[in-house]
Structure formats: C-alpha cells, structure tokens
Amino acid sequence: ILNGSIHDNIPTRISYKLDLHGPSMNIGTGCSSSSVAISLAVQSLLNYQSDYTLVGGASIRLPEENSYLYKSGGINSKDGYCRPYSDDATGTVPGEGAGMVLLKRVGDAIEDGDFIYSVISGFSTNNDGSRKIGYSAPSIEGQVEVLKNTLEQFDINSDEFMYIEGHGTGTLLGDPIELQSINR
C-alpha cells in the first residue's frame with residue numbers, strides 16, 4: 001500500500017498496471033512540471049522511443065488545507081480569487097486537481113483516425129538561474145530566451161502562434177513580466 005501512495009512511483013505503477021513500455025518517469029520542476037513533462041514526452045515521440053505517451057499532472061494536498069496566509073506583495077490572493085493578467089489581480093489561490101493527455105505523432109493520429117484536439121509545433125525549456133530578483137520570480141531575459149529558442153528551433157514565426165501557455169499567477173510581479181516577455 002505504501003508504494004501506491006508515493007508520488008515518485010505513480011508513473012511506473014501506471015505503466016505496470018497498463019503494461020506500458022518505454023520511458024516512465026516523474027518530473028518535478030515546481031509550477032512547470034506538467035509542461036516540462038509534455039516537452040519530454042514530445043521528444044520521446046520525435047526520437048521514436050515511444051509510439052504514444054500518457055502525460056499527466058496532479059496536485060493534491062493532504063491533509064486538505066482550507067486557508068492560507070495573505071501577505072501584501074506575496075503570491076497569495078487577498079480575496080481568494082485568482083485573476084491572471086488583470087488590473088484587479090492580488091495573487092494566486094492554491095488549488096488541487098489532476099489531468100492526463102495522450103500524445104501521438106500527428107501522422108500516426110491521422111492514420112489511426114483519432115480526433116486531434118491540438119498539435120504541438122514546438123517546445124523548449126530553460127531556467128534563468130539567478131538572473132531574477134528572487135527564486136520564485138521569473139525574469140524577462142529567461143522567458144524571452146526560451147521563446148526565441150522555440151521559434152528558431154522549430155522555424156516558427158511569432159505570427160503563427162495560436163496559443164501560448166502562461167503561468168498566470170495573478171501576481172503584480174509575475175504576470176507583467178510574462179506579458180513583457182511575450183511582447184518582446
């Protein structure tokens with residue numbers, strides 16, 4: 001029973017139960033864990049390590065916490081609402097949830113007659129190290145760098161973007177940095 005509740009064992013337990021072969025790993029990079037997991041899954045598809053991948057993310061806190069401490073200028077919302085990219089934003093709200101997606105190469109999905117919800121045209125990951133004002137703050141330089149790398153690596157023009165996933169914490173520090181980075 002203990003092995004079933006250790007978060008590091010979830011991917012390999014799912015692989016065992018579903019008889020899945022190939023890479024099976026837990027990714028922990030803070031708020032970007034699921035995005036990084038997707039980029040690694042896409043690499044596995046492009047390198048033909050996998051014919052399809054299951055990628056998921058979960059955040060479940062036990063025991064359940066029903067409150068948090070608000071501190072002016074901190075990450076937590078003053079009024080319990082997260083308003084990403086809004087002038088009324090005062091911070092984020094802790095949440096719980098889980099989700100999973102199946103990824104395949106586009107040609108394989110078309111050949112198999114799968115319904116395609118989205119196509120990932122490019123991805124990139126980085127870390128801006130100490131070029132930011134604090135550990136939990138983003139930097140414009142780091143975010144611009146990762147966006148430029150994706151555009152160059154996959155020969156994508158910025159006007160081709162249909163979707164950009166943002167962190168969107170609803171904080172007065174993080175959201176403006178994200179928007180400035182995307183605009184650059």
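## Helix α4 and A109

A109 is found in helix α4, where helices (H or I, at least four residues) and strands (E, at least two) are DSSP runs numbered from the N terminus. This is a predicted model, in which local features need pLDDT of at least 70 and side-chain atom pairs count only at pLDDT 80 or more, while totals for chains, interfaces and linings use all residues. Residues are numbered from 1 along each chain as its sequence is written, and side-chain values use heavy atoms, with hydrogens and water left out.

With a relative accessibility of 7%, A109 counts as buried; buried means under 20% relative accessible area, exposed over 50%, and partly exposed in between (1.4 Å probe, protein chains only). If we leave aside neighbours within four places in sequence, A109 is in contact with K104, D114 and I116, contact meaning heavy atoms within 4.5 Å. A look at Y52 is worthwhile too: A109 and Y52 are 57 residues apart in sequence, and their C-alpha atoms are 9.4 Å apart in space.

## Salt bridges

Two of the contacts of A109, K104 and D114, also meet each other through their side chains in a salt bridge (2.7 Å, N to O). This pair links distant parts of the chain, with K104 in strand β2 and D114 in the loop between α4 and α5 (140–153), ten residues apart. K104 is partly exposed at a relative accessible area of 25%, and D114 is partly exposed as well, at 32%. A salt bridge here is a side-chain nitrogen of Lys or Arg within 4 Å of a carboxyl oxygen of Asp or Glu, and by this rule the count comes to seven.

Another of these bridges joins R105 to D51, with the closest N and O atoms 3.1 Å apart. R105 sits in the loop between β2 and α4 (106–111) and D51 in the loop between α3 (33–46) and β1, so the pair links distant parts of the chain, 54 residues apart. R105 is buried, with a relative accessible area of 14%, whereas D51 is exposed at 52%. Salt bridges that share partners join D51, R105 and D108 into one network. Elsewhere, R83 and D79 form a salt bridge through their side chains (3.0 Å, N to O); R83 is partly exposed at 27% relative accessibility, and D79 is partly exposed at 40%.

## A nonpolar patch on the surface

Now to the outside of the model. L18, Y52, L54, M100 and L102 form a nonpolar patch on the surface, with about 490 Å² of accessible area together. Patches are made of residues with over 30% relative accessible area and no salt bridge, like charges being joined within 9 Å and nonpolar side chains (Val, Leu, Ile, Met, Phe, Trp, Tyr) within 5 Å. The areas come from the Shrake-Rupley method with a 1.4 Å probe, and for residues only the protein chains shown count as cover.

Strands β1 (52–59) and β2 (97–104) each supply at least two residues of the patch. L18 lies in helix α2 (residues 10–18) and is exposed, with a relative accessible area of 52%.

## The largest nonpolar core

Turning inward, the largest nonpolar core has nine residues: I27, V36, A37, A41, V42, L45, V55, L103 and F123. Such a core is a set of buried Ala, Val, Leu, Ile, Met, Phe, Trp, Tyr and Cys residues joined through side-chain atoms within 4.5 Å. Helix α3 gives the most to this core, with five residues.

I27 belongs to this core. Apart from its neighbours within four places in sequence, I27 is in contact with S33, V36, A37 and L40.
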